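Colleague: Please pick one part of this model and take me through it closely. Keep it brisk.

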Amino acid sequence: MRLRPLLNRGGSPVDSLKTLWGLGISLVLTVAVIPYPVMALFAGSEDSHRLHDTVGALQYLPLWALPVLLFTLGHDRAGAWRLALATSLVMAGVGVWAGDLVPSLSWMPLTTLLVLWPRDVRWNPRRPSVPALAGAALAVWVAATVAPNLVRLQRMHMPDPHTARFHFSGTAAAYLALAAASALVAFWPVGTELRVTVAASLITAGVANLVWPLQESSVDTPVALTLLGAAALLGVDVLFKRRRSLGRPPATDDHSSPGTPYDGAAVGSSARVT
């Protein structure tokens, strides 16, 4: 995709600057974060670092940078915006909770995202399907049992690499972001690509907990199996929604695209989406 047509799509200099800003912040964050999970796989010093670097990267890459990029490109704008905003709020909230909002830069995703605030995205919930609701409940359970203990460890300010690198609070934010994303796709229209992204993120976190098992929950929660179960339920929901959408008559709206949310809302930059 050429940059000039993309920048001129909005029709005004402000829209062009917003497009450039969205592309820039998603690219910068991806470049800054992606070395950590890569190093965790190939050069991690211990299993705990590998787990925290891999799971902690989920909130930044698939749950924030990718939605921001899709929103900027005009693909599933409503779903992408909701996911990016929910993740940003979680990260900032955990930063306040753990007392490391400023040094951990947990404020940055939210503040940089506010520049892109759209006027055409509405938050009209829908009735969730049973598989999506069950998957979200499992993800919320994991976050509720793991995140408080991790935040407590971060707040202890131990002379430990995990504390210095904000591993505890970052991993807590990742589990909470997965829970928020799972609830989002259950209660609000989100396109197939982002639904698959959330399910893949749950699978990644589940596999990471299988490969590098740590008992960081306040109760005896099988974190890996619970996350994989949540991903499976979201996958079932994606298949049901996809099968139902294929049975609908072809769309006649010029704004329709493969990333259109399931409620038929347009994803064009000038359309009002709900």
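Modeller: Let us take helix 10, where 17 of the 21 residues are buried (under 20% relative accessible area, with a 1.4 Å probe and protein chains only). Helix 10 is therefore mostly covered. The model is predicted, so local features need pLDDT of at least 70 and side-chain atom pairs pLDDT 80 or more, while totals for chains, interfaces and linings use all residues. Numbering starts from 1 along each chain as its sequence is written, and side-chain values use heavy atoms, without hydrogens or water.

Helix 10 covers residues 167-187 (a DSSP run of H or I, at least four residues, numbered from the N terminus). Its 21 residues should span 30 Å, because the expected span is 1.5 Å times one less than the number of residues. The end C-alpha atoms are 30 Å apart, which agrees.

Now the core. The largest nonpolar core (buried Ala, Val, Leu, Ile, Met, Phe, Trp, Tyr and Cys joined through side-chain atoms within 4.5 Å) has 66 residues. Helix 10 gives the most to this core, with 12 residues. Trp 64, Leu 113, Tyr 175, Val 198 and Leu 202 touch the most other members.

Take Val 198. Beyond its neighbours within four places in sequence, Val 198 is in contact (heavy atoms within 4.5 Å) with Leu 63, Leu 83, Ala 181, Ser 182, Val 185 and Leu 234.

Two of those partners sit where helices meet. Leu 63 belongs to helix 5 and Leu 83 to helix 6, and both residues take part in the contact of these helices. Trp 64 is also among the helix 5 residues there.

Conventions:
Helix = DSSP H or I, 4+ residues; strand = E, 2+ residues; numbered from the N terminus. Buried < 20%, exposed > 50% of the residue type's maximum accessible area, 1.4 Å probe, protein only.
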